[in-house]
Amino acid sequence: MYYIVVNIVNTILQLLGSLGFLLYGMKLMSDGIQKSAGEKLQRALGFMTGNRFAAMLTGLVITMIIQSSGATTVMVVTFVNAGLISLTQSIGVIFGANIGTTVTAWIVALFGFNFNIASFAVPIVGFGYLLTAIKKLHKENLGEAVMGFGILFLGLSMLSKTITLKNSSSLLFLTQFQNSGILAITIGVLTGIVITALIHSSSALTAIILTMAYNKLLTWDFACAMVLGSNIGSTIDSILASIGTSVNAKRTCLVHVLFNVSGVALALIFFHPFLALVDWIVPGPVESNITFHIAMLHTLFNITTSLLFIPFVKQIAALTEKIIKPGTNETPQEYHLEFTGIKENATAGIIRAEKEITDMTDVVTGMFDRIQMGFSNRSQTFIDEHIGPLSQAEDYADEMHVQLSRYIIQCEHLPVNEKQLNNLSIMLQVVDELELMTDDCLNIGLLLERSIEKKMKFPQEDMDRLIPYVELARQFLQFIRININKHLDMDKLAMANEIEGQIDLFRKNLKKTARKRLESGADVKSELLYIDMVRQIEKIGDRAFSISGLLSQTI
């Protein structure tokens with residue numbers, strides 16, 4: 001009895017340790033690839049066209065490279081939530097991600113069992129470590145990915161050695177349901193769902209299934225059922241990522257769940273014909289090369305379901321819109337930005353922050369457009385139509401400033417490289433300047449309101465001189481709006497410097513004219529308010545020039 005208990009505990013610990021190596025290796029490899037090449041791949045999502053096949057290909061390629069359909073779907077939910085891609089575009093990406101994730105099964109089937117993988121896994125880990133340790137090479141991210149690849153196969157080797165103890169009493173429970181017909185298939189699917197949801201990796205579970213099947217612990221039918229179940233369990237990441245997001249982000253998550261569940265349901269209806277098709281495609285009996293059969297089933301299932309559903313992208317989007325209705329607060333008056341769905345994906349967080357900064361720039365330009373109307377029509381109508389919205393916009397910008405700054409700081413604590421850390425620091429400063437601009441816009445609006453309520457009189461030529469000055473500030477704001485989140489080269493920085501110089505020259509001339517009127521006996525209160533408005537407009541130009549300088553420092 002004592003021997004049996006010790007054997008069971010030892011086997012469980014060996015399985016947990018092997019699984020830990022496997023999962024950590026996959027995570028390290030995925031993180032390394034994402035840090036070195038993932039940023040460009042993720043940004044490709046933002047430029048995706050409405051072509052459903054291009055979207056599917058994008059999801060396929062990204063998932064094949066970063067080796068994580070969960071990371072891809074989290075990115076998709078995050079980008080839909082930020083408004084970077086549409087619900088329809090996201091559907092194609094999800095289909096492609098499901099196909100891309102099947103590459104892991106082929107890697108394990110091809111390399112995992114044909115030779116002693118541990119013999120080359122250790123040198124690979126060592127080589128990866130050298131790449132990370134030798135800083136002059138600047139290959140730390142690549143080294144991390146290589147180390148992850150080696151650790152993954154170390155874990156697979158350990159797992160295989162543990163599972164070969166198939167006669168151990170501690171592993172008998174794995175086989176007792178396998179010959180129970182429909183019950184066995186049901187248990188297999190449920191097991192696949194639960195384990196995948198717990199370990200957050202359908203690829204890792206597929207590797208485990210391949211290893212167990214290779215060591216004859218799982219039958220062909222039961223292994224296939226577990227693979228199908230893992231497809232449903234893999235939706236856990238998108239479900240978690242959708243918490244606290246917009247209605248379209250929740251719909252994207254629902255698409256992922258409905259697609260995977262519907263595909264599995266169809267496969268279960270035609271379960272045995274489907275397995276027979278796989279057996280016909282892969283040469284040789286199932287028992288002799290079951291790993292290739294499982295890998296082919298995984299690939300064939302995801303390709304078939306994707307091709308089956310891809311013509312109905314618009315209908316799927318419409319169905320999710322009917323199921324998930326917009327909430328009463330879907331377009332809130334208060335700004336709300338949650339740090340959800342990002343996990344350790346720094347690039348996705350940075351792209352989301354960039355989108356929010358673009359929106360904040362739009363708030364500033366919208367406020368400036370309102371005060372520009374006040375200069376051209378200084379009347380009670382301006383107060384009635386624009387002062388209230390200006391105040392609301394400034395309050396909204398204050399919330400953006402607080403929450404977006406907190407969000408950027410949280411992104412800084414994710415695994416980021418030096419370039420990303422530099423850009424995040426600059427983004428924080430840009431957000432500060434944008435918030436100060438909204439204060440300036442509101443102050444100008446309040447000065448205009450005071451001049452109207454006090455019935456202050458200004459010579460028409462003085463107001464006419466303000467119009468090109470205000471227009472120059474507006475052009476500077478538009479320059480910032482167009483170039484926000486971009487690196488400013490020397491030519492564009494010189495352009496910003498020229499606009500700033502013109503604003504300064506205008507300001508000097510306008511203040512000089514106002515002082516002359518004061519000396520000649522003009523109304524003191526009116527002239528001081530006029531000078532105050534000139535100064536506030538100059539502040540906006542100064543802050544725009546400051547942002548230009550910050551953008552020139554981005555990498």
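Guide: Let's start with a definition: a crossing of two helices is right-handed if the near helix is turned clockwise from the far one by less than a right angle, and left-handed if anticlockwise. Keep in mind that this is a predicted model.

Visitor: Okay, so what is the handedness of the crossing of H12 and H15?

Guide: H12 and H15 cross in a right-handed way.

Visitor: How do people describe two packed helices in general?

Guide: They give the angle between the axes and the distance between the axes. Here, the axes of H12 (residues 247–269) and H15 (residues 313–323) come within 10 Å and cross at roughly 115°.

Visitor: Which residues make that contact?

Guide: From H12 you have Arg 251, Leu 254, Val 255 and Leu 258, and from H15 Ile 316, Leu 319, Thr 320, Glu 321 and Ile 323. Sorted by class, this contact of H12 with H15 has 6 nonpolar, 1 polar and 2 charged residues.

Visitor: How are H20 and H21 oriented to each other?

Guide: Check the angle: the axes of H20 (residues 490–519) and H21 (residues 524–552) cross at roughly 170° and come within 10 Å. Angles over 145 degrees count as roughly antiparallel, so that's what H20 and H21 are. Residues of H20 including Leu 493, Ile 503 and Leu 510 meet residues of H21, among them Val 524, Ile 531 and Phe 545. By class, the contact of H20 with H21 has 11 nonpolar, 5 polar and 8 charged residues.

Visitor: And which residues of H5 are buried?

Guide: In H5 (residues 103–111), they're Thr 104, Ala 105, Val 108 and Ala 109. Look down the axis of H5: the buried residues fall within an arc of 130°, so they line one face of the helix.

Conventions. Residues numbered from 1 in each chain as written. Predicted model: local features only at pLDDT ≥ 70, side-chain atom pairs only at ≥ 80, totals over all residues. Heavy atoms only, no water. Axes fitted to C-alpha atoms, helices over the stretch in contact; angles between N-to-C directions. Helix = DSSP H or I, 4+ residues; strand = E, 2+ residues; numbered from the N terminus. Contact = heavy atoms within 4.5 Å. Nonpolar A, V, L, I, M, F, W, Y, C, P; charged D, E, K, R; others polar. Parallel < 35°, antiparallel > 145°, perpendicular 65-115°, else oblique. Buried < 20%, exposed > 50% of the residue type's maximum accessible area, 1.4 Å probe, protein only. Arc of directions from axis to C-beta.
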